[in-house]
Amino acid sequence: MKIAIVGTGFVADYYMTTLANHPELVLAGVFDRDSARLKQFADYYKVSTYQAFEAILADPSVGIVVNLSTPESHYSLSKQALEAGKHVYCEKPLAMRYGEAAELVALAERLNLVLGSAPANALSDAYGLAADSLGGIGRPRLVYAQMEDGPVFRANWQGWRSVSGARWPGLHEFEIGCTLEHAGYALSWLVSLFGPVDSLTAFSALTFPDKGPGTEQIEMASDFSVGCLHFNSGVVARVTCGLAAPRDRSLTILGDSGTLTVVDLWDHRSLIYRETTGEGRTMRTKLADLAEVRLARFLRSKPLPGRKMRYASRAKRIKLPAYPSQIDFAGGIAAQAIAIERGTPMFNSGRVALHITELVLALNRGGSLPQPYRMRSTF
C-alpha cells in the first residue's frame, strides 16, 4: 500500500528508520510546510516530495496519509484527508479537544475509512510476551504505569538533532506538555490488556517553570501528572507522567498470585519479569534465581523483580531507532494497511483511539475537570 507522510520534523525520522521493516508499505512521497526542512529530509532519504498538502489528497495512488504534523494541526489535516477519501494514520493525540477527536472518528466511520493512531508500542514483541505471561499471575488487580522521561530540560536539548538534521522541538514540547506527548505509550498497553476505562481521578501541575535559557517567554503546560484509572473490568491503575524524576518507563501488574514487570514500554523487546506466589519451583529454578540476585547485588543494582521471561528464539529481526526509544513506529501503519487489505478491524483505531485520546486529555487537564471524571467514550 502506498503512503504519504505529512510533516518531516523530528519524529518523522523514527518512522523512516522503521519503514524498512515493512516492505508491504511504499512511500509515495513527503510534504512539509517548511520548504527548507522538506528539502533536507528528502535529500537525506532520497524520497519524492509533494509541493502542497492538496497534492497528496489529489494523488489517487496514496492509500494512507500519515499525519506527523504538530498536534495543533492533527485535527484539520486529518479531517481534510478523510474528506478526500484517504485512510489516515495520525500521531498522538488525534486532536487537542475531545469534540474534534470524536468528530474525526465519526467521519471515518461514516466514510468507511480507517483512522489509526499512534503509538505503536502495544504492537511490540514485549506486549505479546506480557499478554501471554499475564495468566501466570492470576486475576490482575492493580497496575502502576510510569512515563517519567527524566529531567530533559537540564540536558543540552537545544543541540539535539535527528539523523536527518531536524531540531528536537523542545520549546513546543514544553508548551504541549509531557502528558499529551507520552501518556499514550502507557495507555495503549493498558486498554489493550484490560479494556475500557469508566472513570479516572487526576492531578497535574507545572512543577518546574524555569526550564532554562530560551524558555522564558513561552506558556508552559504541566510537566507532571498522575491519574488513577478504574477499568470496567475492575482493574485499578495509576499512571504518572513527568519531565523531572529519573527516567522510568516501567509497567507493574499485580495479580492474585503474582506480579508481572515490564522494564521499558519504549523497548520493542523489553526485559519482562514474572514473580509468582505459591508456585512450585525446581532446584534448577531456585539456583538460577539465586545467581541472578547475587549478580544484581554485585553490580549494586535493584533486586530483580522475579524470573526473566523468555522471547521466542526465532523472533523476527527488525530495525529500530537509536536511543531513546526502541519502538517500531512504522509498525502501526503496517498494521493499518493489513487491516484495510483484509477488511478486518485495527485495534488502535476508531473508538479505541478516541478512548485513549480522551484519557490523555483528561490526565493533562488534571484537577480542572470534575473529579472523578466519567469517561464519555468506550469501545
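In the predicted model, strand β3 (residues 64–67) is joined to strand β4 (residues 87–90) by four bridges, and the two strands run parallel. Within this pairing, V65 has V88 of β4 as its bridge partner. Strand β3 is also joined to strand β1 (residues 2–6), again by four bridges and in the parallel sense, and here A4 has V65 of β3 as its bridge partner. The side chains of β3 are divided between two directions, with I64 and V66 pointing one way and V65 and N67 the other way, and all of these residues are buried. Strand β1 is in turn joined to β2 by five bridges, the two running parallel, and I3 stands opposite L27 in β2.

These pairings belong to an open sheet of five strands, arranged in the order β2-β1-β3-β4-β5 with parallel pairing. The edges are taken by β2 (26–31) and β5, each of which has a single partner strand, so that one side of each is left without a neighbour in the sheet. From one strand to the next, the twist averages 20°.

At one of these edges, strand β5 (residues 115–117) contains L115. The relative accessible area of L115 is 2%, and buried means under 20%, so L115 is classed as buried. Leaving aside neighbours within four places in sequence, the residues in contact with L115 are V88, L94, L104, V105, A108, Q336, S349 and G350. Of these, Q336 is separated from L115 by 221 residues in sequence, while the C-alpha atoms of the two residues are 8.6 Å apart in space.

Two of the residues that touch L115, V105 and G350, also take part in a contact between helices. Helix α5 (residues 98–110) packs with helix α11 (residues 350–365) at an angle of about 175°, the axes being 10 Å apart. Because angles over 145 degrees count as roughly antiparallel, α5 is described as roughly antiparallel to α11. On the side of α5 the contact is made by Y98, A101, A102, V105 and E109, and on the side of α11 by G350, R351, L354, T357, E358 and L361. Sorted by class, the contact of α5 with α11 comprises six nonpolar, two polar and three charged residues.

Helix α11 also lies across β7, β8 and β14, and runs at about 35° to β7. These three strands are part of a second open sheet, in which nine strands follow the order β13-β12-β11-β10-β6-β9-β8-β7-β14 with mixed pairing. Its edge strands are β13 (307–308) and β14 (373–374), each of which pairs on one side only. Towards the β13 edge, strand β12 (residues 272–276) pairs with β13 in the antiparallel sense over two bridges, and R274 has R307 of β13 as its bridge partner. Helix α6 (residues 125–133) packs on this sheet, where it touches β11 (258–262) and β12, and its direction makes about 10° with that of β12.

Within the nine-strand sheet, strand β8 (residues 224–231) has a covered face formed by S225, G227, L229 and F231, whereas its uncovered face is formed by F224, V226, C228 and H230. On one side, β8 is joined by eight bridges to strand β7 (residues 197–205), with the two strands running antiparallel, and L200 stands opposite L229 in β8. Strand β8 is also joined by seven bridges to strand β9 (residues 236–242), likewise antiparallel, and in this pairing V226 stands opposite T240 in β9. The hairpin of β8 and β9 has four residues between the strands, and G234 there takes a positive phi near 100°.

A further buried position, D149, lies in the loop between β6 (140–148) and α7 (170–176). Its relative accessibility is 11%, and D149 therefore counts as buried. The side chain of D149 is joined to that of R249 by a polar contact of 3.2 Å. Apart from neighbours within four places in sequence, D149 is in contact with H182, G242, L243, R247, R249 and W266; among these, G242 belongs to strand β9 (residues 236–242).

Conventions: Residues are numbered from 1 along each chain as its sequence is written. This is a predicted model: local features need pLDDT of at least 70, side-chain atom pairs count only at pLDDT 80 or more; totals for chains, interfaces and linings use all residues. Side-chain values use heavy atoms; hydrogens and water are left out. Axes are lines fitted to C-alpha atoms, for helices over the stretch in contact, and angles run from 0 to 180 degrees between N-to-C directions. Angles under 35 degrees count as roughly parallel, over 145 as roughly antiparallel, 65 to 115 as roughly perpendicular and the rest as oblique. Contact means heavy atoms within 4.5 Å. Ala, Val, Leu, Ile, Met, Phe, Trp, Tyr, Cys and Pro count as nonpolar, Asp, Glu, Lys and Arg as charged, and the others, Gly among them, as polar. Buried means under 20% relative accessible area, exposed over 50%, partly exposed in between (1.4 Å probe, protein chains only). A polar contact is a pair of N or O atoms within 3.5 Å; within protein, one must be able to donate a hydrogen and the other to accept it, and residues adjacent in sequence count only if both atoms are side-chain atoms. Two strands pair if DSSP finds at least two bridges between them.
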